[in-house]
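The following exercises concern a single protein model. Please examine the sequence and the structure before working through each solution.

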Amino acid sequence: MMKAIETKDLTKIYGGHLKAVDALNIDVEEGEIYGLLGPNGAGKTTTIKMLTTSTPPTSGTAKVAGYDIIRESLKVRREIGVVPQDLTADEDLKGYENLMMVSQFYDIPTAKARETIERLLGLVDLKEAADRYVRGYSGGMRKRLELIIGLVHDPKILFLDEPTLGLDVTTRSQMWDYVRQIQEKLNVTIILTSHYLEEVDALADRISIIDHGKVLVTGTSNELKAKLKGDIIQMTFRTQGDEDTIKKYPNFIEIKDNGPNSVRMKVQNSDEELPDIIKYISENKLAVTKMTVQKPSLDEVFLEYTGKDIRVEESPGDFRKTMFNMRRVRK
Ligand SMILES: Nc1ncnc2c1ncn2[C@@H]1O[C@H](COP(=O)(O)OP(=O)(O)OP(=O)(O)O)[C@@H](O)[C@H]1O
Ligand SMILES: [Mg+2]
């Protein structure tokens, strides 16, 4: 089967030295949702820009929908829809007018455009709002409109650059439902970027973690989690010294002190090990005041591969950047 997207050592160097994308190799299967996960500045948007032919690579190649992004860029453009990181809808137009304008840009006959737009509005629950000015839309409505603007010409592949940036948690998870609906009902291949772990975990069939323009690891979210060995058990004891006793339990694969009277341990499989650990606690009369068991999450996968916590990248700086981007587009 043809791949929806295939890149070969795709590279972008800005200003002669800044390697924004560094010999990137990914393949995206037809019909899948593929997630590029990485912190600010990882090279996600630059990758999308090259794949959507809005900026040429410095070196390397890529095929999108079977066409070369450099030699056949016009053919590529016909097959793809793009929802950029910055908002693009015209605030001084109504939702419907925005969609119609883009349809005209693609030379879609009016009757066909009307039909498609109706369907798309229905898919993202914007029928009621279609005749209102975009400036009055909430953040979530606005993102939903952006999403379907990328779909009016019936593309095979949809690029979503940070589809939920700047939305609150609830609105974000609603947006995930809409993205899934669209993938199922319209049968498009979707490639999305995000710096939210929960987002790629919830949406993507496969994920590449990227940082400094390089792919660090690729797999399904379960595969990535499985690469981390062990479940984490944390225990706190009432009596000092108890933590030394628990450390002697034979099957821990990793042990770390974790504050006063508290230890953090890893076991291969907590489901199998817990009954024995509890027996050990009781036999040794250890006074446990707190105990938590944690299966590996994508957060830890990220930490493991990038050496930093992705949440650090989501701090106020990022929020300011988001606001800045929004203002810039509104002007
Ligand atoms: N037009 C440009 N000129 C020069 N440098 C650029 C340009 N666009 C991006 N960069 C730099 O390239 C690197 C990758 O940027 P890019 O926007 O691709 O990252 P990103 O992963 O999309 O980040 P974010 O999460 O902030 O959207 C960054 O260091 C950025 O500053
Ligand atoms: Mg970006």
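**Exercise 1.** In which strand does Ile210 lie? Determine also whether Ile210 is buried or exposed, and list the residues that Ile210 is in contact with.

Solution. A note on conventions comes first. The model is predicted, so local features need pLDDT of at least 70 and side-chain atom pairs count only at pLDDT 80 or more, while totals for chains, interfaces and linings use all residues. Residues are numbered from 1 along each chain as its sequence is written, chains are lettered from A and ligands numbered from 1 in the order in which they are written, and side-chain values use heavy atoms, with hydrogens and water left out.

Step 1. Ile210 lies in strand E10, residues 206-211. Strands (E, at least two residues) and helices (H or I, at least four) are DSSP runs, numbered from the N terminus.

Step 2. With a relative accessible area of 0%, Ile210 is buried. Buried means under 20% relative accessible area, exposed over 50%, and partly exposed in between, with a 1.4 Å probe and protein chains only.

Step 3. Neighbours within four places in sequence are left aside; Ile210 is then in contact with Leu24, Leu36, Leu37, Gly38, Pro39, Ala42, Gly43, Lys44, Val215 and Leu216. Contact means heavy atoms within 4.5 Å.

Step 4. Ile210 and Thr46 are 164 residues apart in sequence, and their C-alpha atoms are 12 Å apart in space.

**Exercise 2.** Describe the burial of helix H1 and identify the protein donors of the magnesium ion (ligand 2).

Solution.
Step 1. The buried residues of H1 are Lys44, Thr46, Thr47, Ile48, Met50 and Leu51.

Step 2. These are six of the eight residues of H1, so the helix is largely enclosed by the rest of the structure.

Step 3. H1 is followed by Thr53, which has a positive phi near 60 degrees.

Step 4. Thr45 (OG1) and Gln85 (OE1) are the protein donors of the magnesium ion, at 1.9 to 2.2 Å from it. Thr45 is in helix H1 (residues 44-51), whereas Gln85 is in the loop between strand E7 (80-83) and helix H3 (95-105), so the pair links distant parts of the chain, 40 residues apart. Donors are N, O and S atoms within 2.8 Å of the metal (3.2 Å for Na, K and Ca); water is not among the atoms, so sites may look incomplete.

Step 5. Thr45 is partly exposed, with a relative accessible area of 22%.

**Exercise 3.** How many salt bridges does the structure hold? Analyse three of them.

Solution.
Step 1. The structure holds 22 salt bridges. A salt bridge is a side-chain nitrogen of Lys or Arg within 4 Å of a carboxyl oxygen of Asp or Glu.

Step 2. Lys3 and Asp27 form a salt bridge at 3.6 Å, N to O. Lys3 lies in strand E1 (residues 3-14) and Asp27 in strand E3 (residues 27-29), so the pair ties together parts 24 residues apart in sequence. Lys3 counts as partly exposed at 23% relative accessibility, and Asp27 counts as partly exposed at 30%. Lys3, Asp27 and Glu29 are linked in a network of salt bridges.

Step 3. Asp231 and Lys295 form a salt bridge at 3.2 Å, N to O. Asp231 is in strand E12 (residues 231-237) and Lys295 in the loop between strand E15 (288-294) and helix H11 (298-306), 64 residues apart. Asp231 counts as buried at 6% relative accessibility, whereas Lys295 counts as partly exposed at 43%.

Step 4. In the salt bridge of Asp244 with Lys247, the closest N and O atoms are 3.8 Å apart. The two residues are three apart in helix H9 (residues 242-247), so about one helical turn separates them.

**Exercise 4.** At what angle do helix H4 and helix H6 pack?

Solution.
Step 1. Helix H4 (residues 110-123) and helix H6 (residues 169-186) pack at an angle of about 140 degrees, with their axes 10 Å apart. Axes are lines fitted to C-alpha atoms, for helices over the stretch in contact, and angles run from 0 to 180 degrees between N-to-C directions.

Step 2. This angle makes H4 oblique to H6. Angles under 35 degrees count as roughly parallel, over 145 as roughly antiparallel, 65 to 115 as roughly perpendicular and the rest as oblique.

Step 3. Arg119, Leu120 and Leu123 in H4 meet Tyr178, Gln181, Ile182, Lys185 and Leu186 in H6.
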